[in-house]
Amino acid sequence: MRVLVVEDERMLAGAIAEWLREETHAVDLAHDGEAALERIAVNDYDVVVLDRDLPRVHGDDVCRELVASESDARVLMLTAAAQLDDRVSGLSMGADDYLTKPFALPELAARVLALGRRSRPAAPPVLRRAGITLDPARREVFRNGRFVPLSKKEFAVLTELMRAGGTVVSAEQLLEKAWDEHADPFTGVVRLTILKLRRKLADPPVVETVPGVGYRIP
């Protein structure tokens with residue numbers, strides 16, 4: 001998934017981003033509300049992890065802007081304010097979930113994954129297609145019963161292809177969901193990742209190239 005972490009405490013933001021990247025998500029960072037709105041305007045995020053007390057533009061205003069834009073992104077609000085009224089006001093303005101500081105990174109990651117499922121059409125917890133079984137929670141892939149060890153990017157790309165249910169996914173869509181904003185679209189990283197994925201999934205070939213359009217698992 002594509003995740004935006006908005007947190008002005010840079011060490012905490014870096015720790016959250018590192019943990020989520022270990023979970024195979026593509027993660028962008030913003031350290032104030034203004035930068036967050038700029039990234040939201042140009043990127044399609046599945047989940048926004050949003051600190052409430054932000055400089056420049058308050059987190060509440062970022063949340064309101066996101067809701068007003070009718071974005072499909074889900075908002076996980078982070079805050080040190082743990083009172084009931086604070087939680088109610090955060091959820092009332094459009095946040096989808098609310099986590100108070102301090103928090104455990106595994107719990108945050110689990111909440112992000114749950115919210116990400118809600119940002120898309122419903123999909124089964126374990127994806128199956130063309131002899132492939134993919135378990136997003138366990139980050140495991142099997143092909144015809146054989147375990148397939150994948151890198152984080154290979155796993156992320158395969159997840160997008162499996163979620164597509166046989167429809168074509170463009171290289172641009174894969175780049176959007178599996179890489180962060182620092183990825184160079186002209187490096188051919190998507191094509192190279194697809195080549196490695198095909199090799200690891202082995203014969204018979206299962207990932208098709210639709211010339212000029214993208215890739216699919218029929």
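In which order do the 4 strands of the open sheet stand? The order is 6-7-8-9, with antiparallel pairing. The legends below refer to a predicted model.

**Figure 1. Overall view of the predicted model.** The protein contains 8 helices and 11 strands. Its radius of gyration is 18 Å, close to the 17 Å that the globule rule gives for 218 residues, so the protein is as compact as a globular protein of that length. The C-alpha trace spans about 55 × 35 × 30 Å along the principal axes. Of the 218 residues, 43% are buried. When contacts between residues at least 6 apart in sequence are considered, 60% of them join residues at least 24 apart. The accessible surface amounts to about 11000 Å², and carbon and sulfur atoms account for 52% of this area.

**Figure 2. Close-up of the open antiparallel sheet formed by strands 6, 7, 8 and 9.** Strand 6 (127–129) and strand 9 (146–147) are the edge strands; each has a single partner strand, so one side of each is left without a neighbour in the sheet. Helix 6 (residues 152–163) packs on this sheet and touches strand 6, strand 7 (132–135) and strand 8. The direction of helix 6 makes about 110 degrees with that of strand 7. Strand 8 (residues 140–143) runs antiparallel to strand 9 and is joined to it by 2 bridges. Across this pairing, Arg143 stands opposite Arg146 of strand 9.

**Figure 3. Surroundings of Lys200 in helix 8 (residues 189–201).** Lys200 has a relative accessibility of 33% and therefore counts as partly exposed. Leaving aside residues up to four places away in sequence, Lys200 touches Arg146, Val148, Pro149, Leu150, Ser151 and Glu154. Glu154 is 46 residues from Lys200 along the chain, and the C-alpha atoms of the two residues are separated by 9.6 Å.

**Figure 4. Salt bridge between the side chains of Glu23 and Arg139.** The N to O distance of this pair is 2.9 Å. The pair links distant parts of the chain, 116 residues apart. Glu23 belongs to the loop between helix 1 (10–22) and strand 2 (26–30), whereas Arg139 belongs to the loop between strand 7 and strand 8. Glu23 is partly exposed at 23% relative accessibility, and Arg139 is partly exposed with a relative accessible area of 35%.

**Figure 5. Further salt bridges, including those of Asp61 with Arg64 and of Arg216 with Glu208.** Side chains of opposite charge can pair when their charged atoms come close. The count of salt bridges comes to 17. In the pair formed by Asp61 and Arg64, the closest N and O atoms are 3.0 Å apart. These two residues lie 3 residues apart in helix 3 (residues 59–68), so about one helical turn separates Asp61 from Arg64. Asp61 is partly exposed at 36% relative accessibility, as is Arg64 at 42%. The side chains of Arg216 and Glu208 also meet in a salt bridge, with an N to O distance of 3.0 Å. Arg216 has 30% relative accessibility and counts as partly exposed; Glu208 is partly exposed with a relative accessible area of 33%. In addition, salt bridges that share partners join Glu7, Glu9, Asp51 and Lys101 into one network.

**Figure 6. Backbone geometry at two cis peptide bonds and at two residues with positive phi.** Most residues other than glycine have a negative phi, and most peptide bonds are trans. The peptide bond from Lys101 to Pro102 is cis, with omega near -5 degrees. Pro102 is located in the loop between strand 5 (97–100) and helix 5 (105–118). A cis peptide bond also joins Asp203 and Pro204, where omega is about -5 degrees. Pro204 occupies the loop between helix 8 and strand 10 (208–210). Arg56, a residue other than glycine, has a positive phi near 70 degrees. Arg56 sits in the loop between strand 3 (47–51) and helix 3 and is exposed, at 66% relative accessibility. Ala130, likewise not a glycine, has a positive phi of about 50 degrees. Ala130 is placed in the loop between strand 6 and strand 7 and is partly exposed, with a relative accessible area of 37%.

Key:
Residues are numbered from 1 along each chain as its sequence is written. This is a predicted model: local features need pLDDT of at least 70, side-chain atom pairs count only at pLDDT 80 or more; totals for chains, interfaces and linings use all residues. Side-chain values use heavy atoms; hydrogens and water are left out. Two strands pair if DSSP finds at least two bridges between them. Contact means heavy atoms within 4.5 Å. Axes are lines fitted to C-alpha atoms, for helices over the stretch in contact, and angles run from 0 to 180 degrees between N-to-C directions. The radius of gyration is taken over C-alpha atoms; the globule rule is 2.2 Å times the number of residues to the power 0.38. Buried means under 20% relative accessible area, exposed over 50%, partly exposed in between (1.4 Å probe, protein chains only). Accessible areas come from the Shrake-Rupley method with a 1.4 Å probe; for residues, only the protein chains shown count as cover. A salt bridge is a side-chain nitrogen of Lys or Arg within 4 Å of a carboxyl oxygen of Asp or Glu.
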